[in-house]
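Hi,

Here is the structure I said I would pass on. Have a look at it first, then read my notes below.

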Amino acid sequence: MIITANAHARAGLVGNPSDGYFGKTISFIIRNFTATVTLWESPHFEIVQNEGDLSRYDSVAGFLRDQKLYGYYGGVRLMKAAVKRFHQHCADQGRELHERNFTLSYKSDIPRLVGLSGSSAIVTATMRALMNFYEVDIPKAYLPTLILSVERDELGINAGLQDRVIQTYEGIVYMDFQKSLIESRGYGNYEELRPAKLPPLFVAYDPQRAEISDVPHRNLRELWNRGDPAVHGAMKKLAELTDAGKRALMNGDWAELGKVIDANYAVRQSIMNIAPENHRMVETARKTGASAHFCGSGGAICGLYRDGSHYQDIVDALAAIRCTTIRPMIFE
């Protein structure tokens, strides 16, 4: 038996970075990029290393470049943690699992550490493979919470629910992480959106701007925990923008949606330090007349273009600063 499970990259359309702070967000999936986990029954349990997990390089210079771009970690630790949390969840639910062994491997073409959620995609795909292998159903609304616990509780990674929700539901999803819901049941309200027409979205990224995704959020978390009024006010504003973005999206009002996206970035600037090279991506896109803000923690942006000619202007402008631009595939 060979099981294959996938999960895709994602981008936050509106609401970033309020998902870990009882806020609201809208995200969309990016089917252009995929993490794939393969599982097959075997005499022993094994997790096969991917290229990003290896410790052999052609030179020290090659190692230093790899470390700068991708940090110290690959996907094996994510899969180990996912297997542990899956079994713990089943034990907590009183679900007995068979004792057959298996081997796991993974591959991913999601650009790493540029805010497109490559790590959570590996965990999500692993969970899907395990659910298939053990014939276990986990409620769709709760699955993102379990996936988050892999990174947050097992590995100490600062993260929120947004990425895991959109990678579980796919498409476009409106998320309300109301505090009373999160604290009472462990998950928020998630609404799958299917607008009559899709907005003209672009996504651009530069792997050279790779950064460990929880780094930009550490100081923000500290300020939130201290009750900083600016941070708490910003999260309220981001929730309001998310609701405005939902109305614009469902009404097909791209001019209004573009304003919401730009306003989202302004709120982010008010509470977080933005690296100059990341800010330059946003400014470069905006100089063509596009709206733009971060897809996630930085290193990738998303926004709206007007028509084919405008899209090409965006592609050319961002290519001049070494960025790759794509039109995201959202629905199958």
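P17 sits in the loop between β1 (2-14) and β2. The peptide bond that joins N16 and P17 is cis, with omega about 0°. Do bear in mind that this is a predicted model, so the cis bond is a feature of the prediction.

On to the strands. Which way do β2 and β4 run relative to each other, parallel or antiparallel? They are antiparallel: strand β2 (residues 24-41) is joined to β4 by seven bridges. If you want a pair to click on, take W40, whose bridge partner in β4 is T103.

Strand β4 also pairs with β3 (residues 46-47), this time in the parallel sense and over two bridges. There, I47 stands opposite L104 of β4. So β4 has an antiparallel pairing with β2 and a parallel one with β3. As for cover, β4 itself (residues 102-108) is mostly out of reach of the probe, with five of its seven residues buried.

Next, two backbone oddities. S117 and R322 each have a positive phi without being glycine: near 65° for S117 and near 70° for R322. Both are in loops. S117 lies between β4 and α3 (118-134), while R322 lies between α11 (308-319) and β10 (324-326).

Are these two buried or exposed? S117 counts as buried because its relative accessible area is 9%, under the 20% cut-off. R322 counts as exposed because its relative accessible area is 52%, and the bar for that is over 50%.

Last, the surface. Which residues make the nonpolar patch of about 360 Å²? The patch is made by Y57, V60, F63 and L64. One of them, F63, is found in helix α1 (residues 60-70). Why does F63 count as partly exposed? Its relative accessible area is 31%, which falls between the 20% and 50% limits. That value also lets F63 into the patch, because patch residues need over 30%, and F63 has 31%.

If you only have a minute, I would start with the cis bond between N16 and P17, then go to the pairings of β4 with β2 and β3, and finish on the patch around F63.

Cheers

Methods:
Residues numbered from 1 in each chain as written. Predicted model: local features only at pLDDT ≥ 70, side-chain atom pairs only at ≥ 80, totals over all residues. Heavy atoms only, no water. Patch = residues over 30% accessible without salt bridge, like charges linked within 9 Å, V, L, I, M, F, W, Y side chains within 5 Å. Areas by Shrake-Rupley, 256 points an atom, 1.4 Å probe, with all protein chains shown as cover. Salt bridge = Lys/Arg side-chain N within 4 Å of Asp/Glu carboxyl O. Helix = DSSP H or I, 4+ residues; strand = E, 2+ residues; numbered from the N terminus. Buried < 20%, exposed > 50% of the residue type's maximum accessible area, 1.4 Å probe, protein only. Pairing = 2+ DSSP bridges.
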